[in-house]
Structures are given as C-alpha cells and as structure tokens.
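Trainee: I am new to this structure. Please take me through its cavities, with a close look at what lines them, and then the parts around them.

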Amino acid sequence: MTKKLSLAAITLLLALCGLSQAQTLTTLTHQPPDGAGIDFLLTDGTILAQGNQGQDWWKLTPDINGSYVNGTWSQVASLASNYDPYAFASATLADGRVLIEGGEYNFGAFTLTNLGAIYDPALNTWTPLNPPLGWDYIGDSPSTVLPNGHFLIGRKLDMQMAELDPATLEWTAMGSSGKSDFNAEEGWTLMPDGSVLTVDVLDNPNAERYVPAVQHWTSLGSTVANLQGPPSEGCIPYGGGQYCPPGEIGPAILRPDGSVFATGAHHLGASTGHTAIYSPGIASAVPAGAGFHGVWLAGPDFPNGDDAGDNFAVLLTSGNVLVEGNSSRFYEFNGTTFTPTLFSNGGSLLVLPTGQILVGGSEVYNSTGTYIPAWQPVITSVPSSVIRGQSYLISGTLFNGLSQANAFGDELETATNYPLVRITNIATGHIFYAKTHDHSSMAVASRAPVSTHFDVPVGMETGASTLEVVANGIPSIAANITVN
C-alpha cells in the first residue's frame, strides 16, 4: 500500500534532487595505475599520489587545457626499501617539497613507525628524514605547517611536540604545557592568528588551542556536541607496549567567516554523527598571548545515520564545507544547513587549482556556487615580461587563502594554503603552471603582504599571456605578461 508523503518529506526530496542535479562527479579519463591512497598538490600544479602498494608514488599532470579529468599519470621515485607507511603525518612545505613522517602501519604491521621522508620534485628523490630526538614511535600523528613555514608535529602516544625547520632539517622540542590529554587521534586546524585548534578525543568533548609563541595549550571549552566515536578495537600491541585507542573524530575546517566546522564519529549511544561550530570571539588575557576565545555551538547532525570519523573534508570555493561520510556519501555545509549530495567511490579529497575536488585520485567533484571577490588573491607586483627557464618574485595578499582547506580526522594532512602561479597563453588558450617555492608566509586568512618565487617552465609557449595566482582553487584577477 502506498503511503502519502508529508509536506516536509516532499520538500526534503525536492531539495536533494536539486542538489544532486547541481553537483556532479566526473570519472578521470585515465585512472591511477596503482590507485591513489592519498594525494598532495605540488606547487607546479601536478598531483603527487601514494599508490596502493605504499612504496610506489605517482604524479597526475593536467592536460594542456588545464584539465585534471583528462590528465595523465606517470610514476615517480619510490620510498626507501624499509619504509612502506600507511596513516602518517604529512605536508607540502613552503619550499615545494612534500614531507611524510611516521605511520600507524609499516608494511601492513601496526608499528607506529618513526621513519619519515621528504620528496623533492625537482630531483625526483625521496630522502630519509630523522625523527625528533628520543621519538622511538610516531605513528599517525597530528601536524601542521606554521605561518613561519616550520612543520609542527605532536607525538601520538603522549603530549610531546616538535618543530622542524625545513631549511636545516633540524628538530626543536616544543613545550606543550596546559594540554589536557595525549595527541592520539586528534586533528589540528591552523587559525588566522597563527594558533592551532584541536578537538580532544580522549578528553572529549573538550577543545583546545595551542599558541606556538608561548608554547602553551589553553582550553576552548566544550564542543557541546560530542564528536568522539568509540574505539573500533581494544588495545593493540606494538614494539613499545600497548596502544589503547581513545576513539575517532572527523575533520575540522576553517571557513572564510573565521568559524570552524568540526565533524565527528558516532558517539556512544548516538544514532548518527554530530558536528560542532566554533565562532571566534574576543581576545583573552589569560594566559598572555593565548589568542582568541570564542563560542562552540552544536551543529547539525549527519543525516542518514552517517558520520565522518577518520574521513576527509575540504573547503569549496563557495565557502561551503564538503564532508565525505563513511557511507561514501557527500554532504555540504553552508554555515547553516548540512545537506546530502552524491555518493562517490570514496577516498581522499583534495582541492584542485580549478576549484574542483579530486576524490580518491579517480573522480572529480564539481560543485556549484563560487567565491566572492574579497576572497581572491591580489597581485601587487609581478614582472610584465618573463623568460622561459628563469625565476621571478611575485608579491601580493591572500596568496595563502583563507584556510588550509583540506582535513582528515587526524593524520594524512594535505593542506593547500600556498600560492600557485597559472599562466595562460592568449593565442592558444593553453595553460601552464610555474612552480612556486619559498613562500614568505604560510599563514591563513592574512591580509599582510606576502611573496613567492615562481619558475617559468622551459617548454611553455611564448607570447602574450595572462598570469593568475591561485590559492585553494580561487584565482586572482589576471595580470598581463609577455613570455619570451
């Protein structure tokens, strides 16, 4: 017997139909030869992806028209014979290299390895990276790149923290006073004031903020909605003893309005995953230099009994947050509503320079809506004429965008808050990316002047062209240049 739908149900169905038609998924013409477990955006516009074998890595290059859907894959250097990690801390550095550190698993065994490596795209080499002094186990740890370009990491098993200077590859121990629980399973979100926000997993539903200048954690109070999901298994043995997981959490993304949208797993007894929204408030005087305190509000729950524990989210160019549920369904949060869109094949999410989202290295998510002019990078100084094979300085504001724009529940950090330079030949319409490197800042949502260097590709077309700076998929207004 047919049942009559309520007006609310009809309205929801119509809304879902409209969103499904508006958002699309496009399959890449050429699939990654060995899959793509995690993807990184390199500063020359290509994508570095870890193959399913773990040690092998691949590069996706967009076609001459700038299409990643029609891009091609090529194999790059493999990791050292003793390092085959899964679930590690990671980052694209300001000098253009990619860093991976640790790993929950190595060659499929639960080891919490302290091995690491840095990939240099110019040399196509992986170089082993020594761990911080005394860190025998690192595993899948929270990390971020600070505004000064240094790589900050928290040791999984306790509250220790260390900072790497990419120029010297020297680690410095950092203070972590005030931390209420250990770093395990937490994710870090870089804030506009240079501090780092985290939502605790063990000490749930507490949130905290770290200020590197004073090396101190401060409580940000309760997230109201509990985002922690229970452990999926009991204590696990490893070389140093037993690790007892505190549970899981979802990704947290800084939005253009300065709020943070944090997502969760199924909390004990909950029928669905929760979300929470942090809105920054006025400056706090205690402790000195602790930055800003704000207000947490419970956000909308996941529809369909879904959650995002240990999964991905990205910031769309529209300012919406795209979250991948563990059902492989996508949800968009626009600051108020949290709406289901499409089902995908699942996998990592990465913001592309086109504003599209790469999904699992095999699909592209196309969203509707777009940025507002105030979010665009602004070029203040660029040469009017450049020569192929030469390097130049370009300056402006908002070169790092308004957010890191990519997040996971804890490890596998793939932030894209750095400038790319895209050059389009006016006569042919062909697109070329000039590798950027040595950005003066990695801060987010900063209006302060910044600069970066860009290397004009040797093989690009000459003649009248336009140049854009792109951050998190949002381009600047184009400048006219001549390529000689």
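Mentor: What follows starts with the cavities, then turns to one residue and one sheet. Keep in mind that this is a predicted model.

Start with the count. There are five cavities of 30 Å³ or more. The largest has a volume of about 220 Å³. Its lining is made up of 26 residues. Closest to the centre are Gly 187, Trp 188, Thr 189, Ala 252 and Ala 407. Find those five on the model and you have found the spot.

Next, look at the strands that supply the lining. Five of them give at least two residues each to the largest cavity. They are β15 (188–190), β16 (196–199), β21 (252–254), β22 (260–263) and β35 (406–407). By class, the lining of the largest cavity has 13 nonpolar residues, 11 polar ones and two charged ones.

Now the second largest cavity. Its volume is about 110 Å³. It is lined by 13 residues. Nearest its centre lie Leu 315, Leu 402, Ala 471, Asn 472 and Ile 474. Nine of the lining residues are nonpolar and four are polar. The lining of the second largest cavity has no charged residues.

Go back to Trp 188, one of the residues closest to the centre of the largest cavity. Asn 183 touches Trp 188. Asn 183 sits in the loop between β14 (170–174) and β15. Is Asn 183 buried or exposed? It is buried, because its relative accessible area is 0%, and under 20% counts as buried. The side chain of Asn 183 has a polar atom 3.3 Å from the backbone oxygen of Gln 160. Gln 160 is also among the residues that Asn 183 touches. Others on that list include Pro 142, Gly 154, Arg 155, Lys 156, Asp 158 and Met 159. Residues up to four places away in sequence are not counted there.

Last, follow β35, which helps line the largest cavity. β35 belongs to an open sheet of five strands. The order is β28-β27-β26-β25-β35, and the pairing is antiparallel. β28 (338–343) and β35 stand at the edges. Each has a single partner strand, so one side of each has no neighbour in the sheet. Further in, β26 (residues 321–324) pairs with β27 (residues 329–333). Four bridges join β26 and β27, in the antiparallel sense. To see the register, pick out Val 323: it stands opposite Tyr 331 in β27.

Note on methods:
Residues are numbered from 1 along each chain as its sequence is written. This is a predicted model: local features need pLDDT of at least 70, side-chain atom pairs count only at pLDDT 80 or more; totals for chains, interfaces and linings use all residues. Side-chain values use heavy atoms; hydrogens and water are left out. On a 1 Å grid over the protein atoms alone, a cavity is a set of points where a 1.4 Å probe fits but cannot get out, and a pocket is an open set with protein on both sides within 12 Å along at least five of seven lines; lining residues have an atom within 4 Å of a point. Grid points are joined across faces, edges and corners, and a volume is the space filled by probe spheres set on the points. Ala, Val, Leu, Ile, Met, Phe, Trp, Tyr, Cys and Pro count as nonpolar, Asp, Glu, Lys and Arg as charged, and the others, Gly among them, as polar. Buried means under 20% relative accessible area, exposed over 50%, partly exposed in between (1.4 Å probe, protein chains only). A polar contact is a pair of N or O atoms within 3.5 Å; within protein, one must be able to donate a hydrogen and the other to accept it, and residues adjacent in sequence count only if both atoms are side-chain atoms. Contact means heavy atoms within 4.5 Å. Two strands pair if DSSP finds at least two bridges between them.
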